[in-house]
Amino acid sequence: MKKVKLSLSIVLVFAILATAMISPAYALSSYDMSASQWDTYWQGYKSDGKALYMAPGGNESEMNFAWLGNTECENPTVYVKSSLIGSYDEFTGISVKIDNDNYSYQVTVYGLLPNRTYMYYYSANDYTSSVNTFKTGKADGFSALFVSDVHISEQTDNPDGESVKDTSFAFHEIFTQAYNKDNYMSLVISAGDQADHGLLSEYIGLFSSPLMKKIPFAATCGNHDNKNTVYASVINSPNRYNKGQAIVPDKNGGDYYFVKGDVLFLFINSNWTSANDHYNFVKQAVEENSDVKWRVAVMHHDLYGGHHEGREDENRLLRLMFVPIFDEFCVDIVLTGHSHVYSRTHVMYGGKVSEDIRGQGHVTDAAGTVYITSGSTARPRGNVSAGSDALAYDFISEYDYIYNIMDFSYDTITINSYSKDNFSPFEVFTLEKTSNEGGHPNEGHNDLYFIVGNIGTLVSFVQTIIHIFETLFASIGIEF
Ligand SMILES: [Fe+2]
Ligand SMILES: [Fe+2]
């Protein structure tokens, strides 16, 4: 009898070990799909054609919505309520023309409370959607997914032969894997290059994950998005600086900001060379939200990561434009993409290392700004070279398909960086601030920035003239 018991226990141990070995290293959810399930889902999504996505509103109590239609609509409407009983509140918005056949309906919902689940549906013209739900962030902190270089790609002109459906699935898989790790995330931060050619079909793919109807997605314009002007029409951003204030308006919508929890998020279009406009935008956003503890900037071009032959010249110019702004306005973290390789700098101030944090996963009251470049979420880079001026602290090329989960609390911001299919992060890094000021110097910009700012704005003016002529000639069938 004793022998049988022993055998059973051995079998049990083997069974547990075998289960652990064949189980994925992460939990599954109802959002997980196989490739064939995605094919079926994709057919339904494409035939519906509305491509709804959610974006942050100007502050925690607001939420932006955008979806597509083929005709102008006077009163696109989102209906929202916070419980199973009671009636829906109605919020109406506007139609933004994308081209002759497509419109983006954009609505802002306000009066939302933290840590609630809301039910919503939307309608425009003779279409009414089914009911979806979203959760607002907790009052005492929140978490966010940080991704970059999703590169949803239309097949034409794509040497990899990828399609919008396949690249959209690749993004959905990463999005789901992150969501499975953290069901409470209430924001996605995307550092640009969402659409490979900036085409509407690619943005429709970007919005295809069902999680886009649940978690707001905040994008910034990458150089690939900037190949077209669709980005400006389909992305429903709050607090756009471009509206009437910019010296030279940006063809792709300009910079924007929002406040979430104790964080002021500054989303900057780094394709746009009007340095004075970027400066004025950050100044205004910071002055209007001077009591918000953390300042996090998001832009596409990495300033210190590089990892790409020939990009150092570009990085050097971009540092001239942007570093004085982040220094003067005490930005804590700058999140970027573009190089497709993960890197994190030491603490930087004045273009130099102000605090060497090699070997540390934590910095308190940092004497400057930390620049974090996410690797690509869906398109790994093959050949890479050394980081810009060797200022990038970590240089992680062996990991592909990167995503980051960021935890924001009043005192700390922690970034957990993962590669796809790995349960454990390859890096965990925490910034801590013991006061609103932290340890960031605040010496203002030097007089040279006046020259840089004006040259940048002059270049953007010339770019605008060229863009106007290109558009005019394209309308009569002439392309350069
Ligand atoms: Fe990219
Ligand atoms: Fe890029």
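Me: Buried means under 20% relative accessible area, exposed means over 50%, and partly exposed is in between (1.4 Å probe, protein chains only). By that rule, is His-151 buried or exposed?

Reply: His-151 has 2% relative accessibility, which is under 20%, so His-151 counts as buried. Please keep in mind that this is a predicted model, where local features need pLDDT of at least 70 and side-chain atom pairs count only at pLDDT 80 or more, while totals for chains, interfaces and linings use all residues. Residues are numbered from 1 along each chain as its sequence is written, chains are lettered from A and ligands numbered from 1 in the order in which they are written, and side-chain values use heavy atoms, with hydrogens and water left out.

Me: What makes Asp-149 and His-340 buried too?

Reply: Asp-149 is at 0% and His-340 at 8%, so each one passes the buried test.

Me: Where does His-340 lie, and which residues does it touch?

Reply: His-340 is in the loop between β16 (333-336) and β17 (342-349); helices (H or I, at least four residues) and strands (E, at least two) are DSSP runs, numbered from the N terminus. Leaving aside residues up to four places away in sequence, His-340 touches Asp-149, His-151, Asp-193, Gly-375, Ser-376, Arg-379 and Arg-381, where contact means heavy atoms within 4.5 Å.

Me: Why is the link between the side chains of His-340 and His-151 called a polar contact?

Reply: The term asks for a pair of N or O atoms within 3.5 Å; within protein, one must be able to donate a hydrogen and the other to accept it, and residues adjacent in sequence count only if both atoms are side-chain atoms. The His-340 and His-151 side chains are joined at 3.2 Å, so the distance fits. Ser-419 and Asn-422 also have a side-chain polar contact, at 2.6 Å. Ser-419 sits in strand β23 and is buried, at 4%.

Me: How do you know which residues are donors to the iron ion (ligand 1)?

Reply: Donors are N, O and S atoms within 2.8 Å of the metal (3.2 Å for Na, K and Ca); water is not among the atoms, so sites may look incomplete. Asp-149 (OD), His-151 (NE2), Asp-193 (OD) and His-340 (NE2) lie at 2.0 to 2.2 Å, so they qualify. Asp-193 also bridges to the iron ion (ligand 2), and the two ions are 3.4 Å apart.

Me: Why is the site of the iron ion (ligand 1) called irregular?

Reply: Four donors are tetrahedral if all angles lie between 85 and 135 degrees; four are square planar and six octahedral if opposite donors are over 155 degrees apart and all others between 65 and 115; anything else is irregular. The angles among the 4 donor atoms run from 86 to 170°, so the tetrahedral range is broken at 170°. The site is listed as irregular, so it does not meet the square planar rule either.

Me: What makes Lys-420 and Glu-173 a salt bridge?

Reply: A salt bridge needs a side-chain nitrogen of Lys or Arg within 4 Å of a carboxyl oxygen of Asp or Glu. Their closest N and O atoms are 3.2 Å apart, so the pair qualifies. Lys-420 lies in the loop between β23 (412-419) and β24 (427-432) and Glu-173 in helix α3 (residues 164-181), so the bridge ties together parts 247 residues apart in sequence.

Me: How many salt bridges does this rule give?

Reply: The count comes to 7. Among them is Glu-427 with Arg-344, at 3.0 Å; that pair links strand β24 to strand β17, 83 residues apart, and both residues are buried.
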